[in-house]
Amino acid sequence: MAPSLSTIFSSNTWNVKNFVVNEGHGVKGLADMGIETLPKQYIQPLEERIYTSNVKLAEELSIPVIDMSNWNDPNVANSICNAAEKWGFFQIVNHGIPIQVFENVKDATHRFFALPAEEKIKYSKEYSSTNNVRFGTSFTPQAEQALEWKDYLSLFYVSDEEAADFWPPACRDEALQFMKKANLVIKRLMEALMKGLNVKEVDEAKESLLMGSKRINLNYYPKCPNPELTVGVGRHSDVSTLTILLQDNIGGLYVRKLDNDSTWLPVPPINGALVINVGDALQILSNGRYKSIEHRVIANGSNNRVSVPIFVNPKPNDVIGPLQEVLENGEKPVYKQVLYSDYVKHFFRKAHDGKDTVDFAKI
Ligand SMILES: COc1cc(/C=C/C(=O)SCCNC(=O)CCNC(=O)[C@H](O)C(C)(C)COP(=O)(O)OP(=O)(O)OC[C@H]2O[C@@H](n3cnc4c(N)ncnc43)[C@H](O)[C@@H]2OP(=O)(O)O)ccc1O
Ligand SMILES: O=C(O)CCC(=O)C(=O)O
Ligand SMILES: [Fe+2]
């Protein structure tokens, strides 16, 4: 049970990190207690906050929005490749996934995080009966100087049977439904992106390399006291090939502008849209042609926010490096061959540190 505010503030020994991380209350537990001041463990160094003098927020600009209704029109594929090269991020509309699927998975996210701590902690790294289901908070609390204002549930898809046995009933069906409905969109996006790399056919082997494993995260960002002092998610790029992100209507995701290091663009919520971004694995496979761009999420002082990314990945045992088709024209490889699970482990063992993860694969 959460201690009362008066108990906490009269005690010098209360350990915030223990309450949030080890006891499974998460930041939602802190927010639910009605704290009015951000605990010091969440105060980010000035350079990591978005409201500082070295960051320009270009609220008037944004990433491309691509209409997928005329899928067979070559202009659609061109727009996708162009966005992946020049922005690394874009939104898609008229993609064919019913809006009810989005509403269901957002509701399910709220339902899971509304569970008491003693229920949610059953899915934490310490107590979960499988490595494929993980409830957690922040990103890597054991490695971070300052924590991030976010709780998450991460679900690695193995099979429907495995999901039925291990995924939390509060959100299992809705998360699976979103993943399944997204599959066709993911395939279409990959086909377009591969054409742009001179890969004529996405055969079984390519399909497995590009989308052989999938992970869905349910992210919960509670309303935060002093949001300007912390972050929801710190600067990072995803380690996926592609990420398909559903966000609610609150906003707060910012993306670094490719040609201007200090400028960050908002990703405004569009009803029914999905946000698509290139991850490090696709940057490596495309030898740097498609860009995995740094992004971050601000904390919000007025509202709770949820988002649901599907990370599309190679299989853990795949070796990734620049595709042969990309190097056929004599282009020099920029990245070496790396075991994908080594790459992901490297990402998960340190705090968010912007684009530095991809240096792991640089020649
Ligand atoms: C959470 O906040 C986030 C998350 C993200 C995620 C962005 C992505 O792009 S996720 C896509 C990741 N790719 C895959 O899942 C691909 C396939 N999976 C694998 O290769 C492996 O399953 C593995 C992820 C490497 C885990 O391998 P395993 O052999 O089981 O190794 P472990 O010892 O269990 O884990 C290694 C290390 O990573 C930590 N970790 C593992 N999974 C997660 C997870 N889902 N969330 C957080 N951390 C995870 C684990 O704790 C281990 O660390 P230790 O210090 O304990 O050794 C983007 C932004 C965010 O804010
Ligand atoms: O919540 C968001 O909008 C983005 C989250 C994100 O970047 C991630 O989970 O990798
Ligand atoms: Fe991300």
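How far does a polar side-chain atom of Asp238 lie from an oxygen atom of ligand 2? The separation is 3.2 Å. The model is predicted.

## Iron site

The iron ion (ligand 3) has three coordinating residues listed here: His236 through NE2, Asp238 through OD and His295 through NE2. The distances run from 2.1 to 2.2 Å. Along the sequence, the donor residues follow the spacing H-x1-D-x56-H. His236 belongs to strand S7 (residues 233–236), and His295 to strand S12 (residues 295–297), so this pair ties together parts that are 59 residues apart in sequence.

Both histidines have little accessible area by the cut-off used: buried means under 20% relative accessible area. His236 is buried at 9%. His295 is buried at 6%.

## Shell around ligand 2

The iron donors also appear around ligand 2: His236, Asp238 and His295 are among the residues that surround it. Asn219, Tyr221, Leu245, Leu253, Val297, Arg305, Ser307, Pro309 and Phe311 are there too. By class, the shell holds 6 nonpolar, 4 polar and 2 charged residues.

Strand S13 contributes the most to this shell, with 4 residues.

## Polar contacts of ligand 2

Asp238 plays two parts in this model. Its OD coordinates the iron ion (ligand 3), and a polar side-chain atom of Asp238 sits 3.2 Å from a ligand 2 oxygen. In Ser307, a side-chain N or O atom is 2.7 Å from an oxygen atom of ligand 2. For Asn219, the corresponding value is 3.3 Å.

How much of ligand 2 does the protein bury? Taken alone, ligand 2 exposes 300 Å², and the protein buries 94% of that. Strand S6 (213–221), S12 and strand S13 (305–313) are the elements that give two or more residues to the shell.

## Positive phi at two asparagines

Asn94 is not a glycine, yet its phi is positive, at about 55°. The residue is in the loop between strand S3 (89–93) and helix H5 (99–113). Asn94 is partly exposed, with a relative accessible area of 46%.

Asn287 also has a positive phi of about 55° without being a glycine. Its place is the loop between helix H10 (280–285) and S12. Is Asn287 buried or exposed? Asn287 is buried, with a relative accessible area of 6%. S12, at one end of that loop, is the strand that holds the iron donor His295.

Terms used
Residues numbered from 1 in each chain as written. Chains lettered and ligands numbered in written order. Predicted model: local features only at pLDDT ≥ 70, side-chain atom pairs only at ≥ 80, totals over all residues. Heavy atoms only, no water. Donors = N, O, S within 2.8 Å, 3.2 Å for Na, K, Ca; no water. Buried < 20%, exposed > 50% of the residue type's maximum accessible area, 1.4 Å probe, protein only. Near = heavy atom within 4 Å. Polar contact = N/O pair within 3.5 Å; in protein donor to acceptor, adjacent residues only side chain to side chain. Areas by Shrake-Rupley, 256 points an atom, 1.4 Å probe, with all protein chains shown as cover. Nonpolar A, V, L, I, M, F, W, Y, C, P; charged D, E, K, R; others polar.
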